[in-house]
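Dear colleague,

Please find below the structure that I am handing over to you. My notes on it follow directly after it.

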Amino acid sequence: MKHLLLTFISLCTIFLPLSAQAQTEEEPYQWPKEPDVLAKLQAWQDLKFGIILHWGVYSVPGMVESWQITSEDWITPDTTRTYEEEKLWYWGLSRDFNPTQFDPTQWARVSREAGMKYVVFTTKHHDGFCLFDTRTTDYKVTNSGFKGNPRADVLRYVMDAYRAEGLMAGMYFSKPDWHSPDYWWPAKATPTRHHNYNIKDYPERWARYKQYVYDQVDELMRGYGPVDILWLDGGWCTPPREDIDLPRIVANARRLQPGIIVVDRTCGGEFENYQTPEQTIPDHQILTPWESCITLTQDWGWNDHPQYKSVNRILAILSEIVAKGGSLLLGVGPTPQGLIEDSSVERLHEIGLWLQSNGEAIYSTVPTPIYTNDEKTVWFTASKDGHTRYAIIPNDDASGISTTISWQDNLPKKGSRIVNLATGRSVRYTVKGDTVTITLPKEASKTHGIALRIICEE
């Protein structure tokens with residue numbers, strides 16, 4: 001994936017049911033028309049926190065996923081090899097992909113204990129390496145260095161493990177496929193991420209590619225149990241330049257997996273059921289379905305020199321995103337051996353402990369019109385009935401926690417308590433006009449953040 005910024009327009013009344021929320025003529029988001037899709041989308045909006053797993057041949061050397069085999073200007077080439085040699089070297093990494101410690105039950109357990117509620121697993125990135133046993137190509141995990149292992153069809157075991165832990169199951173799938181000769185035709189150069197021939201001149205080649213994509217998604221929908229989310233990446237592969245007949249693909253997917261959420265990310269339209277700003281948080285509240293996909297380290301896949309975000313930072317990111325109406329999809333890269341490494345496990349465990357005590361302020365909440373204070377040190381969420389507000393005060397690395405914090409509106413009901421969710425204890429506060437001032441104990445600065453329950457005036 002490449003860094004992308006999306007422009008969103010807020011709409012709808014906050015406390016209306018999802019299906020009753022109306023859009024304006026200017027709004028690019030389109031609500032799904034199918035009742036079962038709307039129902040699953042509303043269930044997904046309650047989850048708030050998920051994990052996306054990037055894993056593939058790029059994990060073997062610990063490099064930026066897939067992108068090294070493009071020749072775009074932003075890529076720094078390996079000058080010890082020609083570009084064609086680089087591609088051949090990269091394709092050959094499949095022979096070295098042999099994750100003998102592959103343990104999806106560990107992934108799923110760690111994710112659940114971290115408080116995550118849904119998973120998006122990379123079935124195929126742009127390089128075309130399939131982490132499922134497809135009939136469409138030999139460039140797949142069951143023909144890699146892992147061939148012959150009883151769990152070589154890794155997608156099956158990943159999906160089963162996460163469903164067993166109670167997480168909503170999603171599949172990442174790249175619409176472009178650089179390994180396919182009908183996308184990157186070997187007879188021509190590959191200067192960009194796009195297909196490298198004129199479709200009008202070779203319509204039969206593009207027709208084969210469209211069928212190839214259709215067949216792979218069909219296999220995913222038929223062969224791996226219930227699927228809740230089809231998360232489509234490669235937004236440049238879209239009409240009019242690269243039309244893969246997505247309506248046909250989605251119609252078949254929903255015939256096989258009724259109600260499945262489709263995320264045709266960055267493309268807009270009827271098949272982008274929720275939007276996905278990448279490595280960023282929008283600067284305003286958005287009341288249509290969305291998630292920010294952000295990495296735990298600086299990279300999507302595994303590498304041997306990770307630069308981790310702190311637990312405090314991740315929880316601050318989660319709090320801000322949920323207050324603005326979204327969900328956090330946290331990126332974690334399993335190792336070449338097939339494990340989530342200890343340094344990731346430790347951080348995810350700490351996140352999960354905080355959510356055990358404070359998750360009431362995160363899960364199944366809705367946005368509230370006043371969603372932060374002037375200093376942006378407090379983030380507010382609300383119960384679905386609107387009577388309870390939650391104030392989340394992250395112990396962010398930059399700002400920490402002040403013992404005295406004020407905000408306007410979201411006033412507590414007269415005579416009611418403001419309660420620290422983690423301790424169950426009351427927090428001292430005063431109200432003057434439309435301003436609340438709370439006083440926190442000094443030990444608050446030693447926590448990852450404070451979440452408060454407020455019974456509000458109506």
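Helix 7 and helix 8 cross in a right-handed sense; a crossing is right-handed if the near helix is turned clockwise from the far one by less than a right angle, and left-handed if anticlockwise. Helices (H or I, at least four residues) and strands (E, at least two) are DSSP runs, numbered from the N terminus. The model is predicted, so local features need pLDDT of at least 70 and side-chain atom pairs count only at pLDDT 80 or more, whereas totals for chains, interfaces and linings use all residues. Residues are numbered from 1 along each chain as its sequence is written, and side-chain values use heavy atoms, with hydrogens and water left out.

Helix 7 comprises residues 311–323, and its axis lies 9 Å from that of helix 8 at an angle of about 50 degrees. Axes are lines fitted to C-alpha atoms, for helices over the stretch in contact, and angles run from 0 to 180 degrees between N-to-C directions. Helix 7 is therefore oblique to helix 8 (under 35 degrees counts as roughly parallel, over 145 as roughly antiparallel, 65 to 115 as roughly perpendicular and the rest as oblique). Helix 7 contributes Val311, Ile314, Leu315 and Leu318 to the contact, and helix 8 contributes Arg347, Glu350, Ile351, Trp354 and Leu355; contact means heavy atoms within 4.5 Å. By class, these residues are seven nonpolar, no polar and two charged. Here Ala, Val, Leu, Ile, Met, Phe, Trp, Tyr, Cys and Pro count as nonpolar, Asp, Glu, Lys and Arg as charged, and the others, Gly among them, as polar.

A second helix pair is formed by helix 3 (residues 104–113) and helix 4 (residues 154–164), which pack at about 35 degrees with their axes 8 Å apart. Their crossing is right-handed. On the side of helix 3 the contact involves Pro104, Thr105, Trp107, Ala108 and Ser111, which meet Tyr157, Val158, Ala161 and Tyr162 of helix 4. This contact has seven nonpolar, two polar and no charged residues.

I turn next to the sheets. One open sheet has four strands in the order 8-9-14-11, paired antiparallel; two strands pair if DSSP finds at least two bridges between them. Strand 8 and strand 11 (418–420) are its edges, each pairing on one side only. From one strand to the next the twist averages 25 degrees. Within this sheet, strand 9 (residues 388–394) and strand 14 (residues 449–455) run antiparallel and are joined by seven bridges, with Thr388 opposite Ile455 of strand 14. Helix 7 packs on this sheet, where it touches strand 8 and strand 9, and its direction makes about 50 degrees with that of strand 8.

The other open sheet has seven strands in the order 5-4-3-2-1-7-6, with parallel pairing. Its edge strands are strand 5 and strand 6 (291–295), each of which pairs on one side only. On average, and with direction ignored, neighbouring strands are turned by 20 degrees against each other. Five bridges pair strand 6 with strand 7 (residues 327–332) in the parallel sense, and Ile294 has Leu330 of strand 7 as its bridge partner.

Helix 6 lies across strand 4 and strand 5 and runs at about 155 degrees to strand 5. Its buried residues (under 20% relative accessible area; exposed is over 50%, partly exposed in between, with a 1.4 Å probe and protein chains only) include Leu246, Ile249, Val250, Asn252, Ala253 and Arg254. They pack against helix 1 (35–45), helix 5 (203–223), strand 4 and strand 5 (261–264).

Some backbone details also deserve mention. Most residues other than glycine have a negative phi, and most peptide bonds are trans. The loop between strand 4 (229–233) and helix 6 (246–256) contains Pro240, which is joined to Pro239 by a cis peptide bond with omega of about 5 degrees. Asp245 lies in that loop between strand 4 and helix 6; its phi is positive, near 60 degrees, and it is partly exposed at 31% relative accessibility. Ser364, in the loop between helix 8 (342–358) and strand 8 (379–382), has a positive phi of about 55 degrees and is partly exposed at 35%.

Yours faithfully
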